[in-house]
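Trainee: I am new to this structure and would like to go through it with you. May I ask questions as we proceed?
Mentor: Certainly; please have the sequence and the model open.

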Amino acid sequence: MTKTCTCACAEAAPDEAELMKRLDDVLAEQKDKPGGLIPALQTAQAIFGYLPESVLRRVAQAFDKSYSEVAGVVSFYSFFSTVPRGKYLVRVCLGTACYVRGGNEVLRAMKDKLGIDVGGTTPDRQFSLEVGRCFGACGMAPVLMVNDDLHQRVKPAKIGELLEKYRAPAQEARP
Amino acid sequence: MIHVTINGKAIEIAEGSTILQAAKSAGIQIPTLCFLEKREPLGACRVCLVEVEGARTLVAACSTPCVEGQVVHVNGPKARAARKQVVELLLSEHDGDCQTCERNEDCELRKLASDMGIRTVTYGGARAAPKRDDSTPGLVRDNSKCIKCRRCVTVCNQVQGIGALFPQGRGFATVIGPAFAGDLDGVTCVQCGQCAAVCPVGAITERSAIDDVWAALDDPAKTVVVQTAPAIRAALGEEFGYPPGTRVTGQMTTALRQMGFDAVFDTNFAADLTIMEEGTELLTRLKRALVDKDKTAALPMFTSCSPGWVQFAEYYYPNFLDHLSTCKSPQQMFGAVAKTYYAQKIGKKPEDMVVVSVMPCTAKKFEAQRPEMNASGVRDVDYVLTTRELARMIRQANLAFTELPDGEMDAPLGLSSGAADIFANTGGVMEAALRTAYEIVTGRELPAENLHVKPIEGLEGIKEAALKIERTQPAWSFLEGAELKVAVAHGLGNARKLLEMIRSGEAQYHFIEVMTCPGGCIGGGGQPRFTDDGVRLKRISAIYAEDESKKLRKSHDNPAVAELYRDFLGKPLGHKSHELLHTRYAQKERR
């Protein structure tokens, strides 16, 4: 298994109240720290898999910020998502190095193979697709990440093969 | 002090000043767009680019500090070309339907383009799709006209402390608006309209009631009466070329009559009435607290004239709601009295009457729609126009405003004292209340020069005053020797500071005036644009001059109000007053 599952799947999902309690603990710890908002949002997204409105309103309240301000921060960073994500989050890097080495072609192939657009999730809730802005692996460009796995020197033609490993029924089958 | 040279002119300026401030101090103009006085400069729009000798690039004058020996050229070819290009790029994103835009008279972007000699559209870039948000009673937003200068964000977050508007998304796709670029009714907003007051283009405006008002005026079955708030007379003239601070009470009255209103009345009348009710309420609360030792008598008492402030308290300070005066605002008192007392006087049914308000305010549009504001059995106030809308209607009626003779308002609801005029200024409601309350308690006139309480005048954010009460009338002997402490805040950010001081016990008062907008109603969200502190001070002076020009200076001397009590209401805080003139508040869930 990947370390952080970003999905909103129902497998042994703790109930909403339990998650909210975990969120409140995080908020209590972060709310008085300068610059605590973004780490709190990151943790909230790790807890819930995405950032639903109820969570954002709670975060806004804890930090004594307006909902519009919190929404402004969330919508600024591509890392944050306000819609549920698939079990695997695919992030194709379009930073400068990856872009010039064919990142866009990788992205196009990924869209084709998954049948979704950037920001979308496959109907079987297995994959979500996002664009990344540099993972600090420019020497291995073009790169993409599937959850916490980094794939280097990706070739558009090999995308199907790459995805197949995640689709395999035995979840332990890792590339 | 440091020394800089701008356009060849040697300037001495305090360290830490920006190039823009230095230029201004020497009378050198630099165009600006996103800049707002007294606020941290953003440097977002780049319209103020200037050339600094030795600097690698052009710099934004608003956000670049002066350094010793700096040599600046505002009008060199490089800076001029760059500023022009910046405005051309802004135009490429802006949905410029100037012929039909309601800002075509006073659009700052249009003026900049014209000043810079832009006569062709150079860039045809992508534009945001038009999206009209008319989800709230007071305001309309159109993102396709927004040029992302963020003035509204600054005023909503820093001045008012609400944060309804914030940049959403990033880069070219940035949208200035409520959370996730949704509608305004999805977030907490008190409808103060300060965003509309600072917007340089037509992206945020009031929701217009002009068509409704014309329809009412054209309907022969309706008796249409109008009330104008005190702040209008000190600002309306600006729409017709008069300098700020010109009083146009008489011409405004004539214009309203010629537009076809059946009676031209004054919110001032209801302001005097408010003082009778609110002054009595304050004294009653003091008596309950001091004599009856009644713990439920909530002090300090807060004024309740400003609907943005009332909503602010409902959202953010529900524990203070008992402290708000139960008095309705003058606008709503007027509506309730017009559709009962006056309707009876002229033999009309309330449903055949239409009450139109002219207010300096967008929140008043919201207030008139509050469900409980129907004491007469129907809507007490039907339509609310801003000062700007009235000016538009006057133009639509083809009236040459500056040529109009002065008119007099109608009796009885057009009669008022100078105390009512000053409701328009920060500190004015307090001063008016003190003029009456002090005289009720002591039987003597307020011991202040020309009846003005100097410490609570002016643009300081939070002001306070103390008034020693001596030689009281027998009924008020419990106040003998007491010191009445009052405070005044304007702008909701200042109100929040004051409330926190009270909550922490750091400050204690008996009576507090809060106005939503900086400067009070004269700086309201519905006033002519553009309102800066210079304009505010001129309007404030005009209002005090209006007050001093009146024979009657105190609300309790208004004979028409006395007659209303004698013939209809009974006494202040009486049963009928309670029904018509008072209200309640309820906590609102923040959104």
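**The interface and beyond**

Mentor: Let us begin where the chains meet. This is a predicted model, and in it chain A and chain B bury about 1,200 Å² between them, with carbon and sulfur atoms giving 53% of that area.

Trainee: Which residues of chain A lose the most area to chain B?

Mentor: They are A:Ser68, A:Ser75 and A:Phe76, which together account for 36% of what the chain A side buries.

Trainee: And how many residues of each chain are in contact?

Mentor: On the chain A side 15 residues are in contact, and they touch 18 residues of chain B.

Trainee: How many salt bridges cross the interface of chain A and chain B?

Mentor: The rule finds one. A salt bridge joins the side chains of A:Asp64 and B:Arg590, with an N to O distance of 3.7 Å. There are also eight residue pairs in polar contact between chain A and chain B, counted where both residues have pLDDT 80 or more.

Trainee: Which helices of chain A supply at least two residues each to the side that touches chain B?

Mentor: Two helices of chain A do so: α3 (53-63) and α4 (67-76). The largest share comes from α4(A), with eight residues. By class, the chain A side that touches chain B has five nonpolar, six polar and four charged residues.

Trainee: Let us move inside chain B. At what angle do α8 and α14 of chain B pack?

Mentor: Helix α8 (residues 267-290) and helix α14 (residues 428-442) of chain B pack at about 65°, and their axes are 9 Å apart. The crossing of α8(B) and α14(B) is right-handed.

Trainee: Which residues meet there, from α8(B) and from α14(B)?

Mentor: From α8(B) come B:Ile275, B:Glu278 and B:Leu283. Their partners in α14(B) include B:Val429, B:Ala432, B:Thr436 and B:Ile440. This contact of α8(B) with α14(B) has eight nonpolar residues, one polar and one charged.

Trainee: Back to salt bridges, then. What is the count over all chains?

Mentor: By this rule it comes to 47. Among them is the one between B:Asp115 and B:Lys111, whose closest N and O atoms are 2.8 Å apart.

Trainee: Why are B:Asp115 and B:Lys111 separated by about one helical turn?

Mentor: Because the two, B:Asp115 and B:Lys111, are four residues apart in helix α3 (residues 108-115) of chain B.

Trainee: A change of topic: which peptide bonds are worth checking in the backbone?

Mentor: Most peptide bonds are trans. The bond joining A:Ala141 and A:Pro142 is cis, with omega about -5°, and A:Pro142 is in the loop between β2 (127-132) and β3 (144-146) of chain A. Chain B has a cis peptide bond from B:Arg529 to B:Phe530, with omega near 5°.

Trainee: Where does B:Phe530 lie?

Mentor: Look in the loop between β18 (511-515) and α16 (533-548) of chain B.

Trainee: And what is the phi of A:Asn147?

Mentor: A:Asn147 is not a glycine, yet its phi is positive, about 50°. A:Asn147 belongs to the loop between β3 and β4 (149-151) of chain A. For background, most residues other than glycine have a negative phi.

Notes
Residues are numbered from 1 along each chain as its sequence is written. Chains are lettered from A and ligands numbered from 1 in the order in which they are written. This is a predicted model: local features need pLDDT of at least 70, side-chain atom pairs count only at pLDDT 80 or more; totals for chains, interfaces and linings use all residues. Side-chain values use heavy atoms; hydrogens and water are left out. Contact means heavy atoms within 4.5 Å. Buried area is the accessible area (1.4 Å probe) that two parts lose on being put together, summed over both. A salt bridge is a side-chain nitrogen of Lys or Arg within 4 Å of a carboxyl oxygen of Asp or Glu. A polar contact is a pair of N or O atoms within 3.5 Å; within protein, one must be able to donate a hydrogen and the other to accept it, and residues adjacent in sequence count only if both atoms are side-chain atoms. Ala, Val, Leu, Ile, Met, Phe, Trp, Tyr, Cys and Pro count as nonpolar, Asp, Glu, Lys and Arg as charged, and the others, Gly among them, as polar. Axes are lines fitted to C-alpha atoms, for helices over the stretch in contact, and angles run from 0 to 180 degrees between N-to-C directions. A crossing is left-handed if the near helix is turned anticlockwise from the far one by less than a right angle, and right-handed if clockwise.
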